[in-house]
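Please open the model in a viewer and display the backbone together with the side chains. The tour below proceeds by selection, one stop at a time.

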Amino acid sequence: DGFAGTTEVGILGGINDSLSAGIGFLREDANTWGTAIKFYNHEAATSGATDDLQEVMRIDSNGNIGIGVADGDVTNDNTVARTIVGIIGTANRGRLNLGTTASNGADAATLAFTNGSNTLAEISVDTNSGVQNAGKMYFNSTDDMIFRTGASFTERITIGSSSVVFNAPGNDIDFQVEGTNQAHCLIVDAQLDSVFIGTNSGAADKFSFQALDTAGNYAWFGH
């Protein structure tokens, strides 16, 4: 029979003669045989009636998993060949915890990216020796590690086996190092193809250096 306000087939379960959970089997489309599996439970304040069951997880016919959301494909990727997991909470509560039971110095967790049985890259965390509340994070890759930002995922930093390159595509992206009292300790201006130390301005294709002594006097050098 249908339950929770739906026409799906379901299995209901209860504790102490009260309805507490259910599993539903929903035919996703009248024209196909695709079936989703839906998991329900009760919120603490509900009455215990069938219609008060709340869906908490769904596995659709493509193997996509939604936790806290009916469709795990929350970004509308719509790529059938992919298996997608979505964890969506209320008021910024979506969170995935990977770890270990309490143990001093334990290897906390590893998130591995694989092709078949081959690990291509991984992110791992190792707890510091003798404690449970501090640790180190490691990024491992079988090839270059590339960092991209912005809406178009522009490449910013490339870490290879023999070099670290900032702005490898040659975009108009500056590199800046700030000090405690100096905002322009080092600037590489991409548009001007110039390097500035102690200043943020100068001519194109130049190296400029500016220093301030304790008396407030500037020393400037440019080439």
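The stops that follow cover strands, a ring pair, a loop residue and a buried serine.

The model is predicted: local features need pLDDT of at least 70, side-chain atom pairs count only at pLDDT 80 or more, and totals for chains, interfaces and linings use all residues. Residues are numbered from 1 along each chain as its sequence is written, and side-chain values use heavy atoms, with hydrogens and water left out.

**Strand S3.** Select residues 35-42, which form strand S3; strands are DSSP runs of E of at least two residues, numbered from the N terminus. Ala36, Lys38, Tyr40 and His42 point to one face and are buried, whereas Thr35, Ile37, Phe39 and Asn41 point to the other face and are not. Buried means under 20% relative accessible area, exposed over 50%, and partly exposed in between (1.4 Å probe, protein chains only). In a regular strand, side chains alternate between the two faces of the sheet. Next add strand S4 (residues 53-59), which runs antiparallel to S3 and is joined to S3 by six bridges. Two strands pair if DSSP finds at least two bridges between them. Within S4, Met57 is the bridge partner of Phe39.

**The three-stranded sheet.** Proceed to the open sheet with the order S7-S8-S9 and antiparallel pairing. Strands S7 (107-115) and S9 (135-141) are at the edges with a single partner strand each, so one side of each has no neighbour in the sheet. S7 and S8 (residues 118-127) pair through eight bridges in the antiparallel sense. To inspect one bridge, select Thr110 and its partner in S8, Ser124.

**The aromatic pair.** A search of the whole structure finds one aromatic pair. Select Phe166 and Phe175: their ring centres are 5.2 Å apart and their planes stand at 65 degrees, so the pair is edge-to-face. Rings of Phe, Tyr and Trp (its six-membered ring) pair if their centres lie within 6.5 Å; planes under 30 degrees apart count as stacked, over 60 as edge-to-face and the rest as tilted. Phe166 is partly exposed at 31% relative accessibility, and Phe175 is partly exposed at 32%.

**His184.** Select His184 in the loop between strands S13 (175-177) and S14 (186-189). His184 is partly exposed, at 22% relative accessibility. The C-alpha atoms of His184 and Ile197 are separated by 6.6 Å, although these residues are 13 residues apart along the chain.

**Ser194.** Finish with Ser194 in strand S15 (residues 194-197). Ser194 is buried, with 1% relative accessibility.

Terms used: Helix = DSSP H or I, 4+ residues; strand = E, 2+ residues; numbered from the N terminus.
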